[in-house]
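Me: Got a minute to walk through this model with me? I'd like to start with the strands and then jump around a bit.

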Amino acid sequence: MEAEKGYKNKERITLVAIVVLASVAVASLLVAFSYYCYIRNKVSKRLKSNKMVAFVENDGFGSLQVSSERGPLVFTFKQLHSATGGFSKSNVVGHGGFGLVYRGVLNDGTKVAIKFMDQAGKQGEEEFKMEVELLSRLHSPYLLDLIGYCSDNNHKLLVYEFVANGGLQEHLYPARVSSTVNVKLDWETRLRIALEAAKGLEYLHEHVNPPVIHRDFKSSNILLDKDFHAKVSDFGLAKLGSDKAGGHVSTRVLGTQGYVAPEYALTGHLTTKSDVYSYGVVLLELLTGRVPVDMKRPPGEGVLVSWALPRLTDREKVVQIMDPALEGQYLMKEAIQVAAIAAMCVQPEADYRPLMADVVQSLVPLVKSHRSSSKVASSSSFHSVRSPTARDLSKAVV
Ligand SMILES: Nc1ncnc2c1ncn2[C@@H]1O[C@H](COP(=O)(O)OP(=O)(O)OP(=O)(O)O)[C@@H](O)[C@H]1O
Ligand SMILES: [Mg+2]
């Protein structure tokens, strides 16, 4: 009897233990499952947001978010026709190798620049679209945004964001191009443009895979927004332009006279270092206020690089090549440093030229220190912050 009682007790205890263990197991399973659901939900939310925001940058232009899923907008010819007032002459803002450039306003009020490709273009529609799709995936605050395109029948048009201040060359050589611009760019603005344009090329060369070679980097392809921030334009367009002989258009194939790296001109061998050479020429334009080629100048001064290169590394000669319009604005130290960067970029031997990342690194402290020194200069009578005046120069020359 006693033994039977003990046996029954043991049985009950075992049963309770089994029930408790089973409940614990079920509870643990439930906890594990809810945790799994929670994690899965979190991961899928993160994936979704990563897909939407491909690029977030904040470096003085405010924060920028560009959806990686944003493709180029496709416009009908009719839409662009009405955006430009029927491609009216009064809306023409320029004429380049691609064709006429019109100012336009889209239905939602966005201001755009519309490039109407010359009919001479022989590029196939598919190639045009592929190139456009490649270009619309490149996004940086230092590159001009391609908004969309139109490829209706024989009409091929590109739609870009509109910049208020046009091309850099219009501001360096105001008398030559337009009478509406009469104040030349100051030194600080030139330094900042040099840095921002360098960042644009650095993005194309080093942040894109495979790298994009601009092929036609020049002052008219650096556009200036309302606050004179620089945006590099027309990257990749070399492939799109027509190959009509003569005039502007042949520049599409060979680059533009005065900007082309010697090895590219001689052998057709194109690398990112060819862009570095062209960048060096633009830096020389910013320093000297001279166009790359001007055969009306005295003998020996017609080609900017040949005239400037021997003077760039000589302290006293740097002063002589500076744009007279910059008089009284720059520190000699700054001019010498920018001249040294330009000298390296226009080296005839491509391997001796720096990477655009090196150029950016060298310009960043200059732009920063100029900003802070000009603050000091304007808030006190700190007269050592000035470049030589004409009188100083004549003293330096003798
Ligand atoms: N997005 C834009 N916003 C405002 N003006 C523009 C824009 N794009 C071009 N322009 C104006 O149109 C002019 C011609 O530009 P375009 O790029 O067609 O020719 P280019 O730069 O002189 O030569 P290339 O065809 O060799 O690039 C520029 O100098 C500029 O004044
Ligand atoms: Mg251009």
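Me: Which residue stands opposite Asp152?
Reply: That's His155, in β8. Keep in mind that this is a predicted model.

Me: OK, and how many bridges join β7 to β8, and which way do they run?
Reply: Six bridges link β7 (residues 146–152) with β8 (residues 155–161), and the two strands run antiparallel.

Me: Which helix packs on the sheet there?
Reply: Helix α3, residues 125–135. It touches both β7 and β8, and its direction makes about 170 degrees with that of β7.

Me: Zoom out for me. What's the strand order of the sheet?
Reply: Reading across, it goes β3-β7-β8-β6-β5-β4. That's an open sheet of six strands with mixed pairing.

Me: And which strands are at the edges?
Reply: β3 (73–74) and β4 (92–95), each of which pairs on one side only.

Me: Let's follow β4 inwards. How is β4 joined to β5?
Reply: By three bridges, with β4 and β5 (residues 99–105) running antiparallel. The two make a hairpin that has three residues between the strands. If you want landmarks, Val92 sits opposite Tyr102, and His95 is opposite Leu100.

Me: What about β5 and β6, how many bridges there?
Reply: Seven, and that pair is antiparallel too. β5 and β6 also form a hairpin, with five residues between them. To get your bearings, look for Gly104, which faces Val112 in β6.

Me: Which residue in that turn has a positive phi?
Reply: Gly109, with a phi of about 95 degrees.

Me: Where do I find a positive phi in a residue other than glycine?
Reply: Try Phe87, where phi is near 50 degrees. Phe87 lies in the loop between α2 (77–83) and β4.

Me: New topic, the ligand. Which residues come nearest to ligand 1?
Reply: Gly94, Gly96, Gly97, Ala113 and Gly167, out of 21 residues around ligand 1.

Me: Which strands supply at least two residues of that shell?
Reply: β4 and β6 (111–117) each do. So the edge strand we talked about comes up again here: β4 is part of the ligand's surroundings.

Me: How does the shell divide by residue class?
Reply: Nine nonpolar, nine polar and three charged.

Me: And which domains does the shell draw on?
Reply: Domain 1 (73–161) and domain 2 (168–394), with at least three residues coming from each.

Me: Let's look at the helices. At what angle do α9 and α12 pack?
Reply: About 145 degrees, with the axes 8 Å apart. For finding them, α9 covers residues 272–288 and α12 covers residues 332–345. The crossing is left-handed.

Me: Which residues make that contact?
Reply: From α9 you have Val276, Tyr277, Tyr279, Gly280, Leu283, Leu284 and Leu287. From α12 it's Val338, Ala339, Ile341, Ala342 and Cys345.

Me: How does the contact break down into nonpolar, polar and charged?
Reply: There are 11 nonpolar residues, one polar and no charged ones.

Me: Last one. Where's the cis peptide bond between asparagine and proline?
Reply: It joins Asn209 and Pro210, with omega about 0 degrees. Pro210 is in the loop between α6 (187–206) and β9 (222–224).

Definitions and conventions. Residues numbered from 1 in each chain as written. Chains lettered and ligands numbered in written order. Predicted model: local features only at pLDDT ≥ 70, side-chain atom pairs only at ≥ 80, totals over all residues. Axes fitted to C-alpha atoms, helices over the stretch in contact; angles between N-to-C directions. Helix = DSSP H or I, 4+ residues; strand = E, 2+ residues; numbered from the N terminus. Left-handed = near helix turned anticlockwise from the far one by under 90°. Contact = placed C-beta atoms within 7 Å. Nonpolar A, V, L, I, M, F, W, Y, C, P; charged D, E, K, R; others polar. Pairing = 2+ DSSP bridges. Near = placed C-beta within 6 Å. Domains from an automatic or database assignment.
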